[in-house]
Amino acid sequence: MRNLWRSLGCSGFLKTYYRTITSNSQIPFTWISLAQSLHKTLAFYLYNQRNRFSTMPEIDKNKIDPELYSPPSQVRGMTKLDRTAFKKIVTIPVLNVRKEMVNKLVRSLKKALLQRPGIKRVIDDPKDEGNKLVMLDPYKIVSDDSFEESERLLLKQLNVNPQISSYSLELTYENFKTEEILRAVLPEGQDVTSGFSRIGHIAHLNLRDHQLPFKQLIGQVIIDKNQGITSVVNKINTIDNIYRNFQMEVLSGEENMITKVRENNYIYEFDFSKVYWNPRLSTEHNRITELLRPGDVLFDVFAGVGPFAIPVAKKDCTVFANDLNPESHKWLLHNCKLNKVDQKVKIFNLDGKDFLQGPVREELMKLVKQTSKERKPHVHIVMNLPAMAIEFLGIFRCLLDGQIKNSELLPTVHCYSFSKADDPVKDVQQRAEALLGASLKGCSSVHLVRNVAPNKEMACITFQVPASVLYENWPMNEEEQFLKAENLEGPPFKRLRTSKTLFEES
Ligand SMILES: C[S@@+](CC[C@H](N)C(=O)[O-])C[C@H]1O[C@@H](n2cnc3c(N)ncnc32)[C@H](O)[C@@H]1O
């Protein structure tokens with residue numbers, strides 16, 4: 001201890017001060033005990049600091065703990081988060097670097113540096129004021145031989161001794177990642193998916209049964225580790241209601257579900273507990289938006305809170321957007337104002353069937369009658385209700401019957417569907433053809449949007465509605481005649497599944 005004290009160069013001063021005050025009877029006792037305890041505390045601190053850092057020539061590669069970044073084993077099974085139980089000491093390789101070289105070194109040695117949340121990679125060298133200790137990645141650097149050639153050259157240029165020392169670093173709850181924490185807490189060998197969808201301030205989880213006893217802890221860890229997330233919810237059943245919103249339970253944080261998100265540069269505000277929103281559809285929303293040109297017309301049959309309608313309206317298109325859910329309708333109105341397109345979007349709160357047979361039919365009839373020589377707008381109809389939209393396709397049969405027949409104005413439909421078939425492309429096309437009673441060969445394409453579950457694809461079929469579907473007695477080719485004959489039992493919209501049959505399927 002004396003050596004340590006001496007080597008640190010401050011013992012002389014403290015000792016003198018300590019002796020002076022202990023021999024001076026004028027000095028009150030409290031001052032003496034204060035000096036005594038200061039003496040002890042400082043000695044203990046410096047001793048500790050020196051103990052944490054030792055100039056071990058190298059770390060034995062075989063002794064590197066593969067579980068180095070695992071929290072202590074006593075946290076296993078914890079259901080109420082106790083952050084203090086996550087303390088752990090690990091041995092980290094360090095380089096001694098002259099103060100003035102540190103910035104240059106750290107900039108160029110990035111790959112070899114320690115990467116831990118909340119850990120400073122450069123700390124004071126307790127043995128030498130002119131030095132700093134630079135913490136290295138223990139999985140990459142075990143001895144001075146571990147440096148790559150370019151790194152060794154750099155150390156040489158900066159005159160840094162490549163010999164590494166070891167440092168005892170205390171890791172706390174703040175320094176572990178979400179996955180490391182949950183892996184240490186949840187039952188061993190069981191899946192720990194810490195993934196979630198982020199919807200503004202809300203993290204949306206889909207927990208499995210074995211994770212449920214830890215749900216509050218999981219929620220709290222996600223809030224702690226993700227800036228801006230103040231509420232964590234868990235889906236408590238599959239989307240099985242007509243409005244496609246989730247039943248959810250707040251696991252941790254605030255109960256407020258009114259949130260704001262940005263998607264493809266547009267802002268959407270809504271109550272996540274009452275409407276449908278899926279952050280995984282942003283690419284799809286953009287893909288469809290890109291297909292429209294200024295002046296085109298969009299009918300969005302199942303519009304939700306506006307992620308197709310609003311970007312398309314911004315492109316100077318005319319938009320008719322509809323949703324049956326009064327909450328979606330309310331937020332759709334709000335979002336159109338928020339994104340300053342309320343003049344370009346006409347909003348409806350109807351069942352999709354009534355929207356197609358009412359406003360869509362009326363607008364199409366107006367467009368068919370237009371005699372202007374200008375470019376006729378291209379009409380797109382988006383139908384994103386993958387569990388049942390395809391069944392609405394029968395509504396197009398004879399939709400424009402009795403009108404002047406105009407094959408120039410055939411709407412392009414983008415209809416979404418789930419498919420569990422081995423060949424989802426073929427499956428979706430065949431189902432669409434059966435409902436339309438017409439062949440889509442050569443005039444449709446199927447885009448696979450995403451895999452929603454094992455063996456379940458979400459697909460989008462795009463096709464131009466054949467004139468023979470929209471108008472009665474339109475001359476048909478052989479294949480069309482055959483398909484029509486196959487589907488003679490009446491307009492398929494009469495056979496739409498009810499909400500009940502839909503629930504049973506999901
Ligand atoms: C899968 S969400 C899609 C919402 C939006 N288009 C999007 O991409 O985020 C389907 C929407 O259809 C609405 N919906 C469900 N059944 C409907 C029906 N019969 N008629 C009209 N809208 C319906 C739901 O309220 C929901 O907002």
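Which residues do ring pairs link into a cluster? In this predicted model, the cluster that is linked by ring pairs consists of Tyr268, Phe270 and Trp277. The structure holds eight aromatic pairs. One of these pairs is formed by Phe302 and Phe392, whose rings lie 5.2 Å apart, centre to centre, with 80° between the planes, an arrangement that is edge-to-face. Phe302 is located in the loop between β12 (297–300) and α9 (309–314), whereas Phe392 belongs to the loop between β15 (379–383) and β16 (412–419), so that the pair ties together parts that are 90 residues apart in sequence. Both partners fall below the cut-off for burial, which is set at under 20% relative accessible area: Phe302 counts as buried at 14% relative accessibility, and Phe392 is buried with a relative accessible area of 4%.

Aromatic rings also meet charged side chains in this model. The ring of Tyr173 has the charged end of Lys225 sitting over it, at 4.7 Å from the ring centre. In a further case, the charged end of Lys456 is placed over the ring of Phe418, and here the distance from the ring centre is 4.4 Å.

Turning to charged pairs, the structure holds 18 salt bridges. Among them is the salt bridge in which the side chains of Glu180 and Arg116 meet, with a distance of 2.7 Å from N to O. This pair links distant parts of the chain, since Glu180 is found in helix α6 (residues 178–185) and Arg116 in the loop between α4 (102–108) and β3 (122–124), the two being 64 residues apart. Glu180 is buried, and Arg116 is buried as well.

Helix α6 also contains the two partners of another salt bridge, Glu179 and Arg183, whose side chains meet at 2.5 Å, N to O. Because Glu179 and Arg183 are four residues apart in this helix, they are separated by about one helical turn. Glu179 is partly exposed, with a relative accessible area of 36%, and Arg183, at 44% relative accessibility, likewise counts as partly exposed.

A salt bridge is also formed by the side chains of Asp427 and Arg431, for which the distance from N to O is 3.2 Å. These residues are placed four apart in helix α12 (residues 424–436), and therefore about one helical turn separates Asp427 from Arg431. With regard to accessibility, Asp427 counts as buried at 19%, a value that falls under the 20% cut-off for burial, while Arg431 is partly exposed, with a relative accessible area of 28%. Elsewhere, Arg98, Glu100 and Asp128 are joined into one network by salt bridges that share partners.

A final site concerns a residue in a loop, Asn339, which lies between α10 (326–338) and β14 (345–348). Asn339 is buried, with a relative accessible area of 7%. When residues up to four places away in sequence are not counted, Asn339 touches Tyr266, Ile267, Ile310 and Lys314.

Terms used
Residues numbered from 1 in each chain as written. Predicted model: local features only at pLDDT ≥ 70, side-chain atom pairs only at ≥ 80, totals over all residues. Heavy atoms only, no water. Salt bridge = Lys/Arg side-chain N within 4 Å of Asp/Glu carboxyl O. Buried < 20%, exposed > 50% of the residue type's maximum accessible area, 1.4 Å probe, protein only. Contact = heavy atoms within 4.5 Å. Phe/Tyr/Trp six-rings, centres within 6.5 Å; stacked < 30°, edge-to-face > 60°. Lys NZ or Arg CZ within 6 Å of the ring centre and 35° of its normal.
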